[in-house]
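Q: I have a model open in my viewer and would like to learn how to read it. Could you take me through it?

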Amino acid sequence: MLFPIPYRLVSKLFYTVLVFSLLSCSKDENEDVENPSGEVTTNEGAPVFLVIDEESIDNGNPPNNFSAEAVNDQLAKPGLRQPLKYFQDNVGKTITLYTGDVGDEGWHALRTIPESWKSAGPTSNGARNFLQAGSGLGSGNDDPEVLLDEIRDVTPLRATGLKMLEGKTVIAVVYDSEISTNYSPLQVNLMGANLGIVAFDVLTVSRRTDGSSNSLPRVSIRIRNATTVSGGQLNLFQNAPQPSSSSEPNDITPPASVGAPVLVPAD
């Protein structure tokens, strides 16, 4: 003999099944997501961690001709991590940055983090320790820059790598001088005075037509609050294209289409 199921019980069962189905279909925005190119990007919403030198941001540089005060030039020293004044005062503004020349690039991607940075403190995360100028990474009594020489896998970005960053948010430590790069193996010297940090969204990357035959692209950016952006997870640009030498490839024209960047949480 069949007994009728009370209406209230049917409603409760339906509601439970509906909620379970919605939860099963949802996906955390920070989980791995597959993109149309077939690659997998991780934690895609987090900012990409770069270092930028005087070829892109400095007082007197075109096209912005920043004053010395606007870029913290009067404060420059190893380990300086306060936001650049111009960027701090102009959150939301869209500006253009030049990115240097082939062999003298202004933007550099960290693809891996040295083990020595992870034990430097004040945290267990090496990228975070560099961003906070931990001991040997810009601060400390004995040798404040002992962990910043001959850093592997810091990759100078040319047109293709820059194009891959369109639509991404960047957090960067800015240097007051040139970042020196050696090839075979690829490694850089990250010692020297810093101007501070900047954050921005990369809007468009286009060929520079008012420079030399080696000029890298111009990049349109929207300025973000560096203090806010730097507080969360950081991403490494793991598949940043690696130049074979200081002159090859002469990659100055952004391709019409590029592969997606592989972004992995910095450790």
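A: Happily! Let's begin with burial: a residue is called buried when its relative accessible area is under 20%, exposed when it is over 50%, and partly exposed in between. Keep in mind that this is a predicted model. As a case, Phe66 has a relative accessible area of 6%, so Phe66 is buried.

Q: What share of the residues of the chain counts as buried?

A: Of the 267 residues, 46% count as buried. The accessible surface of the chain comes to about 12,900 Å², and carbon and sulfur atoms hold 51% of that.

Q: How many helices and strands does the chain have?

A: There are six helices and 16 strands. For the fold as a whole, look at contacts with a separation of 6 or more: 75% of those in the chain are between residues 24 or more positions apart.

Q: Let's turn to aromatic rings. How many aromatic pairs are found in the whole structure?

A: The search finds six aromatic pairs. Read each one by the distance between ring centres and the angle between planes; angles from 30 to 60 degrees count as tilted. The rings of Phe66 and Tyr86 are a tilted pair because their planes are at 55°, with the centres 4.9 Å apart. Phe66 is in the loop between strand E3 (48–52) and H2, while Tyr86 is in helix H2, so this pair ties together parts 20 residues apart in sequence. Both Phe66 and Tyr86 are buried.

Q: How far apart are the ring centres of Phe66 and Phe87, and how are their planes set?

A: The centres are 6.1 Å apart and the planes are at 50°, so Phe66 and Phe87 form a tilted pair. This pair links distant parts of the chain, with Phe66 in the loop between E3 and H2 and Phe87 in helix H2, 21 residues apart. Phe87 has a relative accessibility of 2%, so Phe87 counts as buried.

Q: Which rings are linked into a cluster?

A: Ring pairs join Phe49, Trp117 and Phe130 into a cluster. Phe130 also has a charged neighbour: Arg81 lies over the face of its ring, 5.1 Å from the ring centre. You can look for a similar arrangement at Tyr98, where the charged end of Arg208 sits over the ring, 3.7 Å from its centre.

Q: Now salt bridges. How many are counted?

A: The count is nine salt bridges, taking a side-chain nitrogen of Lys or Arg within 4 Å of a carboxyl oxygen of Asp or Glu. One of them joins Asp89 to Lys85, with the closest N and O atoms 2.9 Å apart. These two are four residues apart in helix H2 (residues 85–89), so about one helical turn separates Asp89 and Lys85. Asp89 is partly exposed at 48% relative accessibility, and Lys85 is partly exposed at 33%.

Q: Which salt bridge links distant parts of the chain?

A: Try Arg222 and Asp201, whose closest N and O atoms are 3.6 Å apart. Arg222 is in strand E14 (residues 218–224) and Asp201 in strand E13 (residues 194–206), 21 residues apart. Is each one buried or exposed? At 34% relative accessibility, Arg222 counts as partly exposed, whereas Asp201, at 13%, counts as buried.

Q: Which residues are joined into one network by salt bridges that share partners?

A: They are Glu115, Lys118 and Asp267. Within this network, Glu115 and Lys118 form a salt bridge with the closest N and O atoms 3.0 Å apart. Both lie in helix H3 (residues 115–118), three residues apart, about one turn of the helix. Glu115 has a relative accessible area of 58%, so Glu115 is exposed.

How values were computed:
Residues numbered from 1 in each chain as written. Predicted model: local features only at pLDDT ≥ 70, side-chain atom pairs only at ≥ 80, totals over all residues. Heavy atoms only, no water. Buried < 20%, exposed > 50% of the residue type's maximum accessible area, 1.4 Å probe, protein only. Contact = heavy atoms within 4.5 Å. Areas by Shrake-Rupley, 256 points an atom, 1.4 Å probe, with all protein chains shown as cover. Phe/Tyr/Trp six-rings, centres within 6.5 Å; stacked < 30°, edge-to-face > 60°. Lys NZ or Arg CZ within 6 Å of the ring centre and 35° of its normal.
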